[in-house]
Amino acid sequence: METVTKEQELDTALLGATGDVANALENEAIYIIREVAAQFERPVLLFSGGKDSITLVRLAQKAFWPAKIPFPLMHIDTGHNFPETIEFRDRLVEELGLELIVRNVQDSIDQGKVKEETGKYASRNMLQTTTLLDAIEEFKFDACIGGARRDEEKARAKERIFSVRDDFGQWDEKNQRPELFDMLNGQIELGQNVRVFPISNWTELDVWSYIEAENIEIPSIYFAHKRKTFLRDGLIWSAEDDVVFRAEDELVEERIVRFRTVGDMSCTAAVESEANTIAKVVSEIRDSSISERGARIDDKRSEAAMEKRKQQGYF
Amino acid sequence: MGFSEVSSQKKLVTNNHIKMKVLKLATAGSVDDGKSTLIGRLLYDTKSLTTDKLEAIEKTSKQRGYDYLDFSLATDGLVAEREQGITIDVAHIYFSTATKSYIIADTPGHVEYTRNMVTGASTSQAAIILIDARKGVIEQTYRHFFINNMLRVKDVIVAINKMDLVDYAEETFNSIKADFEELMRKRDYQEQKITFIPVSALKGDNVVNKSDAMPWYEGQTLLQHLEELDLKDIYNTGTPRFPVQYVIRPKTDDFHDFRGFAGKVYGGELSVGDEVVALPSQTRSRIKEIHFHDKKFQTASRRSSVTITLEDEINVSRGDMLVKVGDLPTIDKQFTATVSWMDSDQLVPGKKYVVQHGVNKVLAKVDRIHHKISPDYSGIDTDVSGLGMNDIAQVSFKLNKPIFYDKFKDHRTNGSFILIDSQSNSTVGAGFIS
């Protein structure tokens, strides 16, 4: 049989034997990202260094090729990031020649705008909101592209693709614009901004499969590695960094773990895993029975946790 | 593959997940028809609920003193909803099987939420209408059917639910089916495919697994039906339309003269060499290249987001449209459409709105409201001064410049538009061009 070249393979894939696109989700996301560039004056891509925002960067590259991505990336740095994530972030923007803006939660704390949480469950996750809203105002961003997905959490299931935020960054879930067909209405008043979610319709598995298919590089903490850890509430926490509060009676043990999300270290638990390649991660996710946010303690605080944070302007 | 095999798998996902087909599905049902329970059941029986989500459902069901798992807790997202025990907006729910990824747009079925149902149906290729077997076809059912038919959703499943509460009686099913068939005679879009399935979402009969309690039913289960839908047939086809979203001009040494038109292909395919006309300028050219990222392709399929270059340097900008020579849409500064009104402020003759037709925006003035249409098939009302929230009506518009449209019945994308209020910037209505 004749060998199919990469090019031919893709050709058929895009055509689709059924006259339909091979990856409807990818094509939908590219359409959304192009709408942002066309409808807004000062868009920005919110970049956390996590797999979802890395996927967004790849999709944005595809949307505008052979031109560069026509907007900057912005990272709201909690100061509690995994060092591997920061290193990865800097390398990525360097390679792609993109503009990166970093704003620090530590500055908001130093300016007295927010107060650091204390105690066992102290996290900077909530504090990010103030830093983000200040940065949006500082740069007059009118559209912020984010990697949130509707399958992550119940409140997010109701989120629009173009989600209008008022001057205070707040989400009014009862007064959302209807979104029909694929028409996106980005008309806003001065002072308002729109949060845009191009991968709204992707599931966690869709993202991982895409990363595998596209051979996208991601930070090393997503893969199985040895780490000093301790157990609390049935979850595994990193004991390598003093960011995570650990009581003296919480025993440190070495485990082979990986992270399923790379949020603030203080609220991101690890999972025991042997998956050290993308392919193994994908098959692990496929067989997994714990949802992604199950490993994020901030959502467990209360059933309505996410909805409350969103109303306050959380990303 | 037998169905028992499917449901016994741990996770119903294939290796080539990334090339999987996506089916968007709308649901409609009245309060207490058990819509959320049905969706919860679909998730549960396809093993799509994760352990932590299941635990949360078990915990809350127990707290509330229920005898069974309340699957509706899997979908009712917002605090306000949980307090009132009803769904108030469009929620999106995801699950996958070996052959397809499903996205359910879960919309509430109250009279006051016609707008949500229209919204959910607009992005869907298939719909489930729920009927409570104890109540049969009620006024709400008319409305749900009307909307799915108006939006030309190709495949509709009428799920007659709560069969366990009518002793799984075939007569009840047949009598409801006959009532519904009566209703079907009145529909505008006659080609719509309609399938009746007796189910009990609570007990799990005929949702994913075949029911033992209804041996008289020989048809497919709800999921079997969805699994066998061919996406080739279910996406609305028409003639190719390429609205230009964005012009790509890299201005780099390597791509000095590159001028690409980025957009999504609707209706049909476009290929290299096709003779095209750019609208509104009516300038002709030929497709030189089709790019998707850094690869070139011979043909761009429906719904692909590509970048097209032309043989000639012609002036094309956002909102313009490329179409094939000899296959022009209507180019006009006026049209009549069925409008679904979604705002608390009334639509009145003489008022101006922004019409967003695909990625193109023009100013529009309401010329005339011909008549209101009752979404329960009870007729039309010609004595109308304005449209209120959830009204559906035949309306004529005059535009400040021409748009390039097809009739909605011929082209679901190029025949639809949204109305934007230029004061509030809100999306206040949707229209389907007649």
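Which residue follows H2(B) with a positive phi? Keep the question in mind while you set up the view. The model is predicted.

**Stop 1: chain B, whole**

Show chain B as a cartoon. Its secondary structure comes to nine helices and 22 strands. The radius of gyration is 24 Å, against the 22 Å that the globule rule gives for 434 residues, so chain B is as compact as a globular protein of that length. Turn the C-alpha trace along its principal axes: the spans are about 70 × 60 × 40 Å. Colour by burial next. Of the 434 residues, 51% count as buried. Contacts come after that. Among those in chain B with a separation of 6 or more, 71% join residues 24 or more positions apart.

**Stop 2: helix H2 of chain B**

Select residues 35-45 of chain B, which form helix H2. Eleven of the eleven residues are buried, so the helix is largely enclosed by the rest of the structure. The buried set includes charged side chains to click on: Lys35(B), Arg41(B) and Asp45(B). Leu38(B), Ile39(B), Leu42(B) and Leu43(B) are also buried. Now step past the end of the helix. Lys47(B) is the answer to the opening question: it follows H2(B), and its phi is positive, near 55 degrees.

**Stop 3: the domains of chain B**

Colour chain B by domain: domain 1 is 3-234, domain 2 is 241-324 and domain 3 is 330-433. Keep domains 2 and 3 of chain B in view. Their centres, taken over C-alpha atoms, are 30 Å apart. Ten residues of domain 2 of chain B are in contact with ten residues of domain 3 of chain B. On the domain 2 side, strand S7 (residues 241-248) of chain B gives the most, with three residues. That side divides into five nonpolar, three polar and two charged residues.

**Stop 4: Tyr266(B)**

Select Tyr266(B). It sits in the loop between strand S8 (260-264) and strand S9 (270-271) of chain B. Is Tyr266(B) buried or exposed? With 24 other C-beta atoms within 10 Å, Tyr266(B) is buried, because the cut-off is 20 or more. Leaving out residues up to four places away in sequence, Tyr266(B) touches Arg241(B), Arg302(B), Thr413(B) and Asn414(B). Check these against the domain colours: Arg241(B) and Arg302(B) fall within the bounds of domain 2 of chain B, Thr413(B) and Asn414(B) within those of domain 3. Then draw a distance to Ser305(B). The two residues are 39 apart in sequence and 9.7 Å apart in space, C-alpha to C-alpha.

**Stop 5: the nonpolar core**

Bring chain A back. The largest nonpolar core has 187 residues. Ile33(A), Leu45(A), Val196(A), Ala127(B) and Ala159(B) touch the most other members. Helix H2 (residues 24-39) of chain A supplies the largest share, nine residues. Centre on Val196(A). Among the residues it touches are Ile32(A), Val36(A), Ala143(A), Cys144(A), Ile161(A) and Phe162(A).

**Stop 6: the domains of chain A**

Colour chain A by domain. Domain 1 is 6-206 + 306-311, and domain 2 is 220-295. The contact takes 18 residues from domain 1 of chain A and 16 from domain 2 of chain A. Which elements give two or more residues to the domain 1 side? They are helix H4 (83-96) and helix H7 (204-214) of chain A. By class, the domain 1 side has three nonpolar, eight polar and seven charged residues.

Methods
Residues are numbered from 1 along each chain as its sequence is written. Chains are lettered from A and ligands numbered from 1 in the order in which they are written. This is a predicted model: local features need pLDDT of at least 70, side-chain atom pairs count only at pLDDT 80 or more; totals for chains, interfaces and linings use all residues. Helices (H or I, at least four residues) and strands (E, at least two) are DSSP runs, numbered from the N terminus. The radius of gyration is taken over C-alpha atoms; the globule rule is 2.2 Å times the number of residues to the power 0.38. A residue is buried if 20 or more other C-beta atoms lie within 10 Å of its own, exposed if 12 or fewer, and partly exposed in between; C-beta atoms are placed from the backbone. Two residues are in contact if their C-beta atoms, placed from the backbone, lie within 7 Å. Domain bounds come from an automatic or database domain assignment. A nonpolar core is a set of buried Ala, Val, Leu, Ile, Met, Phe, Trp, Tyr and Cys residues joined through C-beta atoms within 7 Å.
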